[in-house]
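This report covers selected features of one chain: a helix and the strands around it, a sheet, and the aromatic pairs.

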Amino acid sequence: MATDRGMLIVVSAPAGCGKGTILAEILKDDNFCYSVSATTRNPRPGEVDGVNYHFMTVDEFKNLADNDGMLEYAQFCDNYYGTPRKFVEEKLSEGKDVILEIEVQGAMIVKKNFPEALLVFILPPSIEELRRRLHKRGTETEEVIEKRVSKASVEIEMAENYDYTFINGELETAIDDLKAIIRAERCTLKRQKNTIKEVLNNA
Ligand code: 5GP
C-alpha cells in the first residue's frame, strides 16, 4: 500500500492566544510531528534549545537561510524565525502530518510554495483578552506586550487568507475544533486519491 504524503498543517495565532496549549494536546497523537523552529530571539526562562526552538545567532540563521535550509522565514518583533526544511521534508515523506506554529508572513510563504498545506488561524476572544493573557503569562516586559498586542490586530486581518479559523475561548472546545478541522481535511478528495484506488482495486 502506498504511503500518502503527510499533511503540512500551519497554525497561526497572535502571541498569547493559547495556541501552545492547544497544540500540546493535538501532539499527544503520534501521527503528528511538531516542527521546531529556528529563532534569533533569546530563550525565555524554561525554554530548552532543540525543544522549544533551535536558538541561533543572526549569522547562523542567515547562513542556513542562504543555503536553502529554511522552508520559510520571517522577521517578527526584531527577531528572525524560520522553519528548518530538512525535518519537515523527511517527515512528510514518511507520511507524518507536520505542524508548523508560525506567524502570518511565514504562513503566506508556505501557502504559495505548498498550495496543498492546511492553514488554520486561531483567534483570541478579543484584543483586550489577549492583553490580559500576556500579562498573566508574565514572560514579557510591558513594552514588548504592547508591541505584540498592536501587532495582533494586523495579524488578525490576515486570517481571511487561511482555510479555517475559530476562537480560543474555552480550551476544550478549541481543541475539539482543531481536531475536527484536521479530521475533515484528511477526508477531502484531494487527500484520498490512494484510498479510492485501493477500494476499486479490492473489488
Ligand atoms: P514567540 O517569540 O512568542 O515564541 O514567537 C513569536 C511569533 O513567531 C509567533 O507568532 C510564532 O508562531 C512565530 N514563529 C515561531 N516559529 C516560527 C517560524 O519558524 N517561522 C515563522 N515565520 N514564524 C514563527
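## Gly95 and helix α3

In this predicted model, Gly95 has a positive phi of about 90° and comes just after α3. Helix α3 spans residues 85–93 and lies across β5 and β6, with an angle of about 30° to β6.

Val88, Lys91 and Leu92 are the buried residues of α3. Viewed down the axis of α3, these residues fall within an arc of 100°, so they line one face of the helix. An α-helix has 3.6 residues a turn, so residues three or four places apart point the same way. The packing partners of the buried residues of α3 are β1 (8–12), β2 (32–34), β5, β6 and β7 (97–101).

## The four-stranded sheet

Strands β5 and β6 also belong to an open sheet of four strands, ordered β4-β3-β6-β5, in which the pairing is mixed. Its edge strands, β4 (54–55) and β5 (70–76), each pair on one side only.

Strand β6 covers residues 79–84 and runs antiparallel to β5, to which six bridges join it. One residue with a bridge partner in β6 is Gln75, which is matched with Tyr80.

## Aromatic pairs

The count of aromatic pairs comes to six. One of them is formed by Phe61 and Tyr80: the ring centres are 5.4 Å apart and the planes are at 25°, so the pair is stacked. Phe61 lies in helix α2 (residues 58–66) and Tyr80 in strand β6, so the contact ties together parts that are 19 residues apart in sequence. Tyr80 is thus both the bridge partner of Gln75 and a member of this stacked pair. Phe61 is buried, because its relative accessible area of 1% is under the 20% cut-off.

Phe121 and Tyr162 make an edge-to-face pair, with 5.2 Å from centre to centre and 80° between the planes. This pair links distant parts of the chain, 41 residues apart: Phe121 is in strand β8 (residues 118–123), and Tyr162 is in the loop between α6 (142–157) and β9 (164–167). Phe121 counts as buried at 0% relative accessibility, and Tyr162 counts as buried at 8%.

## An aromatic cluster

Which residues form one aromatic cluster? They are Tyr53, Phe55, Phe76 and Tyr81. Three of the sheet's strands are represented here: Phe55 falls within the range of β4, Phe76 within that of β5, and Tyr81 within that of β6.

How values were computed. Residues numbered from 1 in each chain as written. Predicted model: local features only at pLDDT ≥ 70, side-chain atom pairs only at ≥ 80, totals over all residues. Heavy atoms only, no water. Pairing = 2+ DSSP bridges. Helix = DSSP H or I, 4+ residues; strand = E, 2+ residues; numbered from the N terminus. Contact = heavy atoms within 4.5 Å. Axes fitted to C-alpha atoms, helices over the stretch in contact; angles between N-to-C directions. Buried < 20%, exposed > 50% of the residue type's maximum accessible area, 1.4 Å probe, protein only. Arc of directions from axis to C-beta. Phe/Tyr/Trp six-rings, centres within 6.5 Å; stacked < 30°, edge-to-face > 60°.
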